Amino acid sequence: MVSLFKKRKFEIRPIAFICIAFLLVILIGSLFLRAPFSLNEGYSVDYIDALFTSTSATCVTGLVSLPNSSIGDTYNLFGRFVIAILIQIGGLGAATLAMAFILIISSKLTLSQQNLVKESWNISSFKGLKKIFLLNFLITFIAEFVGAFLLFFDLYFLHSDVIKGVDEAFGHAFFLSVSAFNNAGFDLFGGTSLINFSSDVFLNLVISILIILGGLGYLVIIDVVSKRCNFKKLSLHSKVVLTMTLFLIVTGTITIYLSENMTHFIDITEPSGMNFLESFFLSVSTRTAGFTTYNLYDARIASILLMNVLMFIGASPGGTGGGVKTTTIFALFARLRSGIDGRHPHAFRRSISKDTVNKSFILFFLSVLFLIFFILLIFCFEGGSIEGNGNTYDSLDYVFDAFSAFATVGLSVGVTPFFSVGSKLCLISLMYIGRIGPMSISLSLFKSRGLHKWTYVEDSLPIG
């Protein structure tokens, strides 16, 4: 009887801790970004826009709801530093930073702390957690430092018409490098993003490489380096991620290029659209980075729809990007193929577990439901078209921004600053769900509890 009255020890589940930690970071960040000491003289920011910017930075998205669409114009050096810190926290993850704090005050991790990090990094084993953690930090800061170093020289020596002085070149280079590696998509150039640098091959390639590395994930980078780039020795996870990444970049580049230039190919007197470098950069960036060297308001409908698909797929597990992840789509197609040829889902001479396929279906289905729900809400809030900056935005533009928010991409046709408060709250929710929701669904919500092993009598349903 005594045992019945014993107090139960309260314990927050690891995924709940991650959700709460991200929410606290967003709220604290919004207070800093709303404060006058973060703003340039003569500027003020409504709390909804400060909350939007904080969410966008922490969820490594890149969407901006500020009236002038410019982080650089609105925020002073301190405000920009706050945004960079939020991006870094969002990229590394709350659990990674919590582990850093734990290791500073203690040399050992408790079982619950190990569970927290394991679920945050989406790994199945406790083996080598500290080593992965240290390599995580090392890869991040090496990539960002090298990226900032290369971008500094490019901006300082080749773009003196845009960048004034060493300090400004370093500030832009540092911010761009952090934003690119963490797939955030923020820049300090205003609403034009990187359009002014569309012909700079070196800058385009540096930022693209940073985006790709961040999107691959630390575990894949560690695996590739430790196996000395020997593809045959890589884990199934690494093989799938690398294969899907290459396939999506190449396919995205070609299809976007063809879509934007189709009228030119049919009638050579018609002006050409994107060049190949712009198509390549957009194909890389669309899968959760958010930079663009092309005015997306001028993009063709076919290109916009294709970019929605690429954004929805997103980056890879353990990476700094969002989306439903490349491995999820790969598992679904493997299951589709198995339904046709009758074999068990497999790839690279490895069978894909039933649990992986089931989680992929659940994650995909719930992601679609979240998107449909919030897109319908945005339609209700906005009604018809929106006028802004001399442009007219309609339902397709709303859908594009919703996909961008959910996939934590940050690309926009320019409608975000003109949304109502209700629509901005929808995008804030989508950014948060996109960064936290799919992870929590795949890691925690559908774990087997070992209960109800019985089943009902099996029956069939006509389909198709």
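The chain exposes about 22900 Å², and carbon and sulfur atoms supply 67% of that area. Accessible areas come from the Shrake-Rupley method with a 1.4 Å probe, and for residues only the protein chains shown count as cover. This is a predicted model, in which local features need pLDDT of at least 70 and side-chain atom pairs count only at pLDDT 80 or more, while totals for chains, interfaces and linings use all residues. Residues are numbered from 1 along each chain as its sequence is written, and side-chain values use heavy atoms, with hydrogens and water left out.

**Overall build**

The chain holds 17 helices and four strands. Helices (H or I, at least four residues) and strands (E, at least two) are DSSP runs, numbered from the N terminus. Of the 464 residues, 52% count as buried. Buried means under 20% relative accessible area, exposed means over 50%, and partly exposed lies in between (1.4 Å probe, protein chains only). Take the contacts between residues at least 6 apart in sequence: 69% of them join residues at least 24 apart. A contact here means heavy atoms within 4.5 Å.

**Helix 12**

Helix 12 spans residues 276-286. Eight of its 11 residues are buried, so the helix is largely enclosed by the rest of the structure. The buried residues are E278, S279, F281, L282, S283, V284, S285 and T286. Their cover includes helix 9 (201-216), helix 11 and helix 13 (301-313). N275 caps the N-terminal end of helix 12. A side-chain oxygen of N275 lies 3.1 Å from the backbone nitrogen of L277. Just after helix 12, T288 takes a positive phi of about 105°.

**Two buried small residues**

S56 lies in helix 2 (residues 47-58). With a relative accessible area of 0%, S56 is buried. Its side chain makes a polar contact, reaching the backbone oxygen of L63 at 2.9 Å. Such a contact is a pair of N or O atoms within 3.5 Å; within protein, one must be able to donate a hydrogen and the other to accept it, and residues adjacent in sequence count only if both atoms are side-chain atoms. Not counting residues up to four places away in sequence, S56 touches T61, G62, L63, F186 and M431.

G214 sits in helix 9. G214 is buried too, at 3% relative accessible area. Leaving aside neighbours within four places in sequence, G214 is in contact with F181, N183, G319 and T320. G214 and A143 are 71 residues apart in sequence, yet 8.9 Å apart in space, C-alpha to C-alpha.

**Aromatic pairs and the nonpolar patch**

Rings of Phe, Tyr and Trp (its six-membered ring) pair if their centres lie within 6.5 Å; planes under 30 degrees apart count as stacked, over 60 as edge-to-face and the rest as tilted. By this rule the count comes to 22 aromatic pairs. In one of them, F170 and F174 have ring centres 6.4 Å apart and planes at 15°, so the pair is stacked. F170 and F174 are four residues apart in helix 8 (residues 165-181), a separation of about one helical turn. F174 is partly exposed, with a relative accessible area of 37%.

Ring pairs also link F149, F152, F153, Y156 and F157 into a cluster. A nonpolar surface patch of about 1200 Å² is made by L138, I142, F145, V146, F149, L150, F153, Y156, F157, L158, V166 and F202. Patches are made of residues with over 30% relative accessible area and no salt bridge: like charges are joined within 9 Å, nonpolar side chains (Val, Leu, Ile, Met, Phe, Trp, Tyr) within 5 Å. A salt bridge is a side-chain nitrogen of Lys or Arg within 4 Å of a carboxyl oxygen of Asp or Glu. Helix 7 (residues 129-158) gives the largest share of the patch, 10 residues. V146 is found in helix 7 and counts as partly exposed at 40% relative accessibility.

**Positive phi in loops**

R228 and F348 each have a positive phi, although R228 is not a glycine and neither is F348.

| Residue and phi | Loop | Relative accessibility |
|---|---|---|
| R228, about 55° | between helix 10 (218-226) and helix 11 (236-266) | 75%, exposed |
| F348, near 50° | between strand 1 (346-347) and strand 2 (350-351) | 31%, partly exposed |
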